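Here are a few quick notes to go with the model, for anyone opening it for the first time. Have it on screen while you read.

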Amino acid sequence: MKVAVIGGGIVGLFAAFHLERAGVEVTLYEEGKPGARSDHAAGIIEPANAYRTNTLAFLRRVWRFWWGGTCTFRSVDGRWLTESLRALERDLIPGADGALREMARTSVAGYEELAAQKNDFAYTRKGLLERYDHRGHFLEDRAIAMSKDSTVPVEVREEEGWAGSLFYPSVGWLHTEQFVQRMLRELTRTDIVRQRVDHVGLDGTLRMGGTRANFDAIVVSTGVTSRKLGLPLTGVKGYGWHVRSRAKVEVATIFVDRGIAVVPFENDLKVTGGWDFDLSARLSHAPKILAAVKEVLPVDRIDRFGDGSRPCTPDGLPIVGRKGRLIIANGGFRLGWSFAPALGKHAALLCTNRTPNDPFLSRYCGSLHAGPV
Ligand SMILES: Cc1cc2nc3c(=O)[nH]c(=O)nc-3n(C[C@H](O)[C@H](O)[C@H](O)COP(=O)(O)OP(=O)(O)OC[C@H]3O[C@@H](n4cnc5c(N)ncnc54)[C@H](O)[C@@H]3O)c2cc1C
């Protein structure tokens, strides 16, 4: 069996990994450097903390980010906007929570298995601290975190200088750049082709640079560009830096009201931020985000910068499903790394016909059509 994976972001890398494990002949097409559009992320692995975006609470959060300068609005996908408004405050279909819980379990187990073989990507589960500037926001999130629907252990902390803090002891993090290198070492039999794919068909054909190729199945994991195939997706851009700082940071920390994450490693810190609803390649907001980082942390030196986009569905939750010979694995939004192992695994199972479409995870896949990516 021959399968093409288009897009070598974190989701595409996991799809290729699981297909290779299943004995499939895999060609991975990536227009740039594999992982380079994903590795700006903080690398916090918290799939059980997924929240819906089609809620008034989320709109309030975005408004607060905009008010505080974290968020900008420049362009969104029109279909995503229409579907988001239509889905506002609408409950997920029955079975959705179970499917998401299973995805969360599979993803954490996926990282733990790789770390148990060799932890060459700084994976650790020392917990996540969330700090709030505003008491009202803290109380709102505390109520959600401690509600009977939440399965994630949480402790409430009072820290001087903050309106409140929540600590999630079971959350982990990893070094994204090192993890991409690990995946590339794992993919020993995958043919990695540095090439932009122009067009895909439901019949398993793809076109690129004037040539055509046929596959038994095609996994499309191109992030935000998959919207051109009929998916309601938009991109929420953000930025990541590896920095040196004299500050002592013990655990991954999110400054919730500022949309900034700080993750500690042996020699440096990863800092991320920015919520730009923007489908362009513009980076003009990044310096302002770095200035906001410096308000919570002294930055002595910047070693590396990266940017990327959170692919967001109308409800902010992942999609993985099949139509014809096309399989979509997408929509990780703010938790693309957290869900990537499960998205890649499910995509591989769909390719090899070892599982049917899940009614929730494959929502929106009915509207898939042939098109550019
Ligand atoms: C600031 C920030 C911090 C984040 N922190 C976290 C975090 O801590 N934890 C977490 O779980 N998630 C985090 N995320 C979210 C996560 O980074 C994304 O959800 C994830 O990168 C999406 O991965 P992807 O593989 O779906 O898409 P992408 O990363 O966008 O990868 C798509 C790939 O497809 C390639 N491609 C596109 N079109 C074509 C084509 N036509 N032909 C060939 N190749 C193509 C692109 O070059 C790219 O490499 C963060 C996001 C941001 C912005």
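**Notes on the ligand shell and two sets of strands**

1. First, what surrounds the ligand in this predicted model? There are 42 residues around it, and the closest are Gly-7, Gly-9, Gly-223, Gly-238 and Gly-336. By type, the shell splits into 22 polar residues, 14 nonpolar and six charged.

2. Which elements supply that shell? At least two residues each come from α1 (10–21), β2 (25–30), β14 (234–244), β17 (269–277), β18 (301–312) and α8 (336–351). Strand β18 gives the largest share, with four residues.

3. Next, have a look at strand β5 (residues 128–132), where five of five residues are buried. Leu-128, Glu-130 and Tyr-132 are on one side, Leu-129 and Arg-131 on the other, and both faces are covered. That fits the usual picture, in which side chains in a regular strand alternate between the two faces of the sheet.

4. Which strands does β5 pair with? Strand β7 (residues 164–168) runs antiparallel to β5 and is joined to it by five bridges; there, Leu-128 has Tyr-168 as its bridge partner. With strand β15 (residues 252–255), β5 pairs in the parallel sense over four bridges, and Arg-131 sits opposite Phe-255.

5. Finally, there's an open, antiparallel sheet of four strands, in the order β12-β11-β10-β21. The edge strands β12 (211–214) and β21 (371–372) each have a single partner, so one side of each has no neighbour in the sheet. Four antiparallel bridges link β11 (residues 205–208) to β12, with Thr-205 opposite Asn-214 of β12.

How values were computed:
Residues are numbered from 1 along each chain as its sequence is written. This is a predicted model: local features need pLDDT of at least 70, side-chain atom pairs count only at pLDDT 80 or more; totals for chains, interfaces and linings use all residues. A residue is near a molecule or strand if its C-beta atom, placed from the backbone, lies within 6 Å of it. Ala, Val, Leu, Ile, Met, Phe, Trp, Tyr, Cys and Pro count as nonpolar, Asp, Glu, Lys and Arg as charged, and the others, Gly among them, as polar. Two strands pair if DSSP finds at least two bridges between them. A residue is buried if 20 or more other C-beta atoms lie within 10 Å of its own, exposed if 12 or fewer, and partly exposed in between; C-beta atoms are placed from the backbone.
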